[in-house]
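Student: Please take one part of this protein and go through it closely. Keep the rest as background, and say what each residue in that part contacts.

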Amino acid sequence: SVHVLEALTRAGIAVEYHYTDVSPHFLKQAERAFAAYPCMRYGILDIERAPEPQGFAPGTFDAVIATNVLHATSDVVGALRR
């Protein structure tokens with residue numbers, strides 16, 4: 001995420017970046033690591049479940065970066081659909 005944030009900042013591109021994880025522990029770490037970026041939003045997302053009930057509406061994101069996520073799912077195809 002830091003590489004993406006730095007590149008967007010250098011390019012002067014304004015974004016709203018949602019950092020999600022299934023673990024509150026990792027969200028706290030991310031909040032500390034990205035404190036210098038006011039564009040950051042943090043939330044729990046379990047990609048093994050439908051995103052809508054978790055507060056993520058379809059069609060509201062321009063890009064999804066799924067780093068260290070898909071390999072840990074029980075159903076990769078289902079995770080990609082979600």
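Tutor: Helices and strands are here DSSP runs, with at least four residues for a helix (H or I) and at least two for a strand (E), numbered from the N terminus. The model is predicted. The part to look at is the loop between β2 (40–44) and α3 (76–81), where Gln54 lies. Asn68 is found in that loop, and Ser74 has its place there as well.

Some background on the protein helps to place the loop. Its secondary structure consists of three helices and two strands, and from the N terminus the order is α-β-α-β-α. The C-alpha trace spans about 35 × 25 × 20 Å along its principal axes. The protein has 82 residues, of which 24% count as buried. The accessible surface is about 6,000 Å², and carbon and sulfur atoms account for 56% of that surface. Where contacts join residues at least 6 apart in sequence, 42% of them link residues at least 24 apart.

Now to the loop, taking Gln54 to begin with. Is Gln54 buried or exposed? Its relative accessibility is 16%, and because buried means under 20%, Gln54 counts as buried. Its side chain reaches backbone atoms at two places. One is the backbone nitrogen of Asp46, at 2.7 Å. Another is the backbone oxygen of Ala50, at 2.9 Å. With residues up to four places away in sequence left out, Gln54 touches Ile44, Leu45, Asp46 and Arg49. Asp46 therefore appears twice in the account of Gln54, as a residue touched and as the owner of the backbone nitrogen that the side chain reaches.

Asn68 is a case of backbone geometry. Its phi is positive, at about 55°, although Asn68 is not a glycine. Asn68 is exposed, with a relative accessible area of 65%.

Ser74 is also exposed, and its relative accessible area is 68%. What does the side chain of Ser74 contact? It makes a polar contact with the side chain of Glu48, at 3.0 Å. A second value relates Ser74 to Ile47: these two residues are 27 apart along the chain, and their C-alpha atoms are separated by 10 Å.

The strand that precedes this loop, β2, has a link of its own. Arg41 lies in strand β2, and Glu16 lies in the loop between α1 (2–10) and β1 (17–21). The side chains of Arg41 and Glu16 meet in a salt bridge, with 3.9 Å from N to O. The two residues are 25 apart in sequence, so the pair ties together parts that are separated by that stretch of chain. How many salt bridges are counted in all? The count comes to one. The cut-off for such a pair is 4 Å between the side-chain nitrogen and the carboxyl oxygen, so the 3.9 Å of Arg41 and Glu16 falls within the rule. Arg41 counts as partly exposed, at 36% relative accessibility, whereas Glu16 is exposed, with a relative accessible area of 51%.

As for charge over the whole protein, there are 7 positive and 9 negative charges, and their mean positions are 3 Å apart.

To return to the loop: Gln54 is buried, while Asn68 and Ser74 are exposed.

Definitions and conventions: Residues are numbered from 1 along each chain as its sequence is written. This is a predicted model: local features need pLDDT of at least 70, side-chain atom pairs count only at pLDDT 80 or more; totals for chains, interfaces and linings use all residues. Side-chain values use heavy atoms; hydrogens and water are left out. Buried means under 20% relative accessible area, exposed over 50%, partly exposed in between (1.4 Å probe, protein chains only). Contact means heavy atoms within 4.5 Å. Accessible areas come from the Shrake-Rupley method with a 1.4 Å probe; for residues, only the protein chains shown count as cover. Lys and Arg count as positive and Asp and Glu as negative; His and the chain ends are not counted. The place of a charge is taken as NZ of Lys, CZ of Arg, CG of Asp or CD of Glu. A polar contact is a pair of N or O atoms within 3.5 Å; within protein, one must be able to donate a hydrogen and the other to accept it, and residues adjacent in sequence count only if both atoms are side-chain atoms.
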